[in-house]
Amino acid sequence: MKNFIQVTYKYKPNDKVANLTEVNDLLDAYSKIYEPSRSNLLADVKENFPIVTDENNEVRILGTAPALKLVNQIDNHKLDVQLAPTELTNVDFKLVPPSSGYEMYFEINDKKVSTLYNAKDTFLDHYSLSKYANFLLQNDKKRNLLDELKDLQETKELSSKKAIYRFIENDGKQYLRAIVSDRYKFYDNPVALYIAIAAISKYSSTYKKDFILENLILTDSKLFVYFLEKDPVPVDKNITIQTGLVLTNSELGDGCASFKVYYIIRDSNNNRVVGLTDQIANINHGNKPAKIETSFNNLDQLKHQRDDIIQAVKKVAWTKKLTRDDLDTISHLISHIQSPVPKTLKENMAKCVDSNSILEKSYTLLKLFDKFNSFIEAENPNIQLIMEKKIISLVS
């Protein structure tokens, strides 16, 4: 199922920085949207992640003011309840057109609820039924599934264990979006973004480097934020690099919030290549704020990684004109590369390196990567890294 809502922000010149009150509003607004409000958790987050501001009480991250206003647009009421599986009554499964997939429908406290995202499979996995259930549903055997589920729900050992059921309201309807364990800590999107701003503000103050919030994508349950150093660093004639951090987070219990170093290389024609490195810090949804704060000590490595990236970039012949031999080598690489590169993506990349059309246009390595970017960015970001490393090693 698609997200109920999605907002996107892209930095524009002269976008303003947020002040301390606007950043704190992230946590204040959390208490109005999420239930329960978790005031103790939010107080611990504020204590362990203080926001560093300048003499004007502003956070030196350009773009934060308009970005935070967009974040506040997502105000769907979200409710978390501890339940046992048997508290879900009148369970049924229905096809959701136009897809061929099924969702689960049930009642709780006389309210009708349906599942979305992966909640149906998570519930069924409690009984080791997920794959079998989908097989039965696709083969018109729903009655068999309901009978099997009823029998298993009567098994006390299986049905007495409680978990946290994460609900969301949209257009007056209730949805179950995730099921998480009792030890899950609720570092939801506003909290994760607050922690990120706190960490970047501290780094910015320590190393005297201004940042921009370059890009933000926020849905009702997912978050992607890209922070970038404001000032590009020259690495060659007409070539610059900017480094930063990308934050990803989910409210669906499918992994910790992750911080990775990324960089953008550009030439004077705005051809660019985007790279991503390994995780440098994380927000583990099972840890308390004090323990997470120690993980962010690794942000000190950002400066070292930044310096290493710049030195490595300087060694690459980004402005080199690609020869027919170079293109043949790249074509061979693309045709033989394995997972995680999808077949359709390989086909698009192969079209990009057609030697006749590219030789006529005198492509450089950076321009080729820029062409790849137009369709790689929608895929797994690690694909960009894989292709960069392999192609650069072959043609540089």
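User: How are α1 and α2 oriented relative to each other, roughly parallel or roughly antiparallel?

Analyst: Two packed helices are described by the angle between their axes together with the distance between those axes. In this predicted model, helix α1 (residues 20-33) packs against helix α2 (residues 39-48) at an angle of about 170°, and their axes lie 11 Å apart. An angle over 145 degrees counts as roughly antiparallel, and α1 and α2 are therefore roughly antiparallel to each other.

User: Which residues of α1 and α2 meet?

Analyst: From α1 the contact takes N24, L27, D28, Y30 and S31, and these meet L42, V45 and K46 in α2. Sorted by character, the residues of this contact comprise four nonpolar, two polar and two charged.

User: At what angle do α1 and α3 pack?

Analyst: Helix α3 (residues 64-71) packs with α1 at an angle of about 20°, the axes being 10 Å apart. Since angles under 35 degrees count as roughly parallel, α1 and α3 are therefore roughly parallel to each other. The crossing of α1 and α3 also has a hand, and that hand is left-handed.

User: Which residues make that contact, and how do they divide into nonpolar, polar and charged?

Analyst: On the α1 side there are E22, V23 and L26, which meet A65, L68 and V71 in α3. The residues of this contact divide into five nonpolar, no polar and one charged.

User: How should I read the packing of α5 and α6, by what angle and what distance between their axes?

Analyst: The same two descriptors, angle and distance between axes, apply to any two packed helices. For helix α5 (residues 130-138) and helix α6 (residues 142-153) the angle is about 150° and the axes are 7 Å apart, and α5 and α6 are therefore roughly antiparallel to each other. The contact is built from A133, L136 and L137 of α5 together with K142, N144 and L145 of α6, a set that divides into four nonpolar, one polar and one charged.

User: Turning to the strands, how many residues of β13 are buried?

Analyst: Burial is judged by relative accessible area, with under 20% counting as buried. By that criterion strand β13 (residues 239-250) is mostly covered, as 10 of its 12 residues are buried.

User: In what sense does β13 pair with β11, and over how many bridges?

Analyst: Strand β11 (residues 222-229) pairs with β13 in the antiparallel sense over seven bridges, and within this pairing L228 has G244 of β13 as its bridge partner.

User: What joins β13 to β12 and to β14?

Analyst: Strand β12 (residues 233-236) runs antiparallel to β13 and is joined to β13 by three bridges, with P234 partnered by T240 in β13. These two strands form a hairpin with two residues between them, and N238 in the turn has a positive phi of about 65°. Strand β14 (residues 257-267) is also antiparallel to β13, here through 10 bridges, and Q242 stands opposite I264 in β14. In the hairpin of β13 and β14 there are six residues between the strands, among them G253, which takes a positive phi near 75°.

User: Where is the place of G255, and is G255 buried or partly exposed?

Analyst: G255 sits in the loop between β13 and β14. Its relative accessible area is 37%, so G255 is partly exposed. Sequence separation and spatial separation are worth reading side by side here: G255 and H285 are 30 residues apart in sequence, while their C-alpha atoms are 7.8 Å apart in space.

Definitions and conventions
Residues numbered from 1 in each chain as written. Predicted model: local features only at pLDDT ≥ 70, side-chain atom pairs only at ≥ 80, totals over all residues. Heavy atoms only, no water. Axes fitted to C-alpha atoms, helices over the stretch in contact; angles between N-to-C directions. Helix = DSSP H or I, 4+ residues; strand = E, 2+ residues; numbered from the N terminus. Parallel < 35°, antiparallel > 145°, perpendicular 65-115°, else oblique. Left-handed = near helix turned anticlockwise from the far one by under 90°. Contact = heavy atoms within 4.5 Å. Nonpolar A, V, L, I, M, F, W, Y, C, P; charged D, E, K, R; others polar. Buried < 20%, exposed > 50% of the residue type's maximum accessible area, 1.4 Å probe, protein only. Pairing = 2+ DSSP bridges.
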